[in-house]
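I opened this one to see how the sheet is put together and what sits around the ligand. Notes below, in the order I looked things up.

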Amino acid sequence: MDARLETLITAVLSSAKYRHVSPEFVRAIGARELAIRPNLKTAVKATKNALHQAGGAFQDAPIDYARALTRLRETAAGGPSSSAFRDACRVVMAAHTSTRERLLILDDFYTRLLAGLPTSGRVLDIACGLNPLARPWMPLAPDTEYVAYDIYTDQIDFLNSFFALAGYAGRAEVRDVIGCPPDEPADLALILKTLPCLEALDRQAPARLLDAVRAPWLLVSFPAQTLGGRRKGMAAHYETHFRQLLRERNWPAERFEFETELAFLVRKEDLH
Ligand SMILES: C[S@@+](CC[C@H](N)C(=O)[O-])C[C@H]1O[C@@H](n2cnc3c(N)ncnc32)[C@H](O)[C@@H]1O
């Protein structure tokens, strides 16, 4: 056992901002930083920076999951399709920058993207953030199994309570999708605004993830705005890079442009 690594993990997990991050993920990042930094102190700092880029940057304040759940519970009686429940989902989604940016386009987003796809089976939501709360907007059969992954333990507990409350089949799971890409077969995988975050930590991670996912359809998207709201040809840069990955694999894709997001519906080979 590397004592320095254990000290680093304890230091990172004792900070308020990172205490809910998966310890395995902190270990993976910490081990890498210890190998390239001159000392423990700089490795702790670099690990926190990497965790900020990966997820912390999208939560501008700690999310009060207990309060969110109470709000959802108060509106759940009419079922997950009711406008009261949807309104509560919208309020909760506003707490995460990524889902907040999508609120503007939510009424169109999934109906346009998923039209014509199978509506039942299993859907993976990879590096999900609070996107599972958009489930009432997705044209999926009620019994479609929804499996969501992210690195925050408190968020994952909350999402499991959300599924139970809304009566949705499925579960949320703590998983580092860089070190451990999902291997469950599915009918559709959502990989929304996530590849750039993974690439910032590991340049090969996007390609590895896309290859590993066992679903015939991938819905992949990129932010069309920076976190600060500026446009800088960023979406064009992501698109060029992503199209290269698609070309190398010979996977056809349909492109969809939204005000805050650029999406691709990708046909992977049939894996069933
Ligand atoms: C830009 S947000 C996108 C969230 C969601 N997919 C959406 O579109 O609203 C990036 C998400 O990736 C998660 N994430 C970052 N690195 C991850 C990893 N290695 N494994 C799993 N999730 C990760 C973050 O916690 C964050 O929720």
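Before reading pairs off the sheet, I noted the rule: two strands pair if DSSP finds at least two bridges between them. I also reminded myself that this is a predicted model.

**Sheet, overall.** I traced seven strands in an open sheet, ordered E3-E2-E1-E4-E5-E7-E6, and the pairing is mixed. Strand E3 (170-174) and E6 are at the edges with a single partner strand each, so one side of each has no neighbour in the sheet. From one strand to the next, the twist averages 15 degrees.

**E4 to E5.** I looked up strand E4 (residues 188-192) next; it runs parallel to E5, and five bridges join the two. Leucine 192 is the residue opposite serine 221 in E5.

**Helix on the sheet.** Then I checked what packs there: helix H11 (residues 234-249) lies on the sheet and touches E5, E6 and E7. The direction of H11 makes about 10 degrees with that of E7.

**E7 and its neighbours.** Is strand E7 mostly covered or uncovered? Covered: six of the seven residues in E7 (residues 261-267) are buried. On one pairing, strand E5 (residues 217-223) runs antiparallel to E7 with seven bridges. I followed serine 221 across, and its bridge partner in E7 is alanine 263. I also looked at strand E6 (residues 253-257), which is antiparallel to E7 and joined to it by five bridges. Here arginine 255 is opposite phenylalanine 264 in E7. The link from E6 to E7 is a hairpin through three residues.

**Ligand shell.** Which residues come nearest to the ligand? Out of 21 residues around it, I got Gly55, Ser98, Ala127, Gly129 and Leu192. Helix H6 (97-103), strand E2 (145-150) and helix H9 (195-201) are the elements giving two or more residues to this shell. By type, I sorted the shell into 12 nonpolar, six polar and three charged residues. Leu192 is worth a second entry: it turns up by the ligand and also opposite serine 221 in the sheet.

**Domains.** Last, I pulled the domain assignment, which gives domain 1 (3-54) and domain 2 (65-267). Their centres, taken over C-alpha atoms, are 26 Å apart. Nine residues from domain 1 and 10 residues from domain 2 make the contact. On the domain 1 side, helix H2 (23-36) and helix H3 (40-54) are the elements that give two or more residues. I split that side into five nonpolar, three polar and one charged.

Key: Residues are numbered from 1 along each chain as its sequence is written. This is a predicted model: local features need pLDDT of at least 70, side-chain atom pairs count only at pLDDT 80 or more; totals for chains, interfaces and linings use all residues. A residue is buried if 20 or more other C-beta atoms lie within 10 Å of its own, exposed if 12 or fewer, and partly exposed in between; C-beta atoms are placed from the backbone. Helices (H or I, at least four residues) and strands (E, at least two) are DSSP runs, numbered from the N terminus. A residue is near a molecule or strand if its C-beta atom, placed from the backbone, lies within 6 Å of it. Ala, Val, Leu, Ile, Met, Phe, Trp, Tyr, Cys and Pro count as nonpolar, Asp, Glu, Lys and Arg as charged, and the others, Gly among them, as polar. Axes are lines fitted to C-alpha atoms, for helices over the stretch in contact, and angles run from 0 to 180 degrees between N-to-C directions. Two residues are in contact if their C-beta atoms, placed from the backbone, lie within 7 Å. Domain bounds come from an automatic or database domain assignment.
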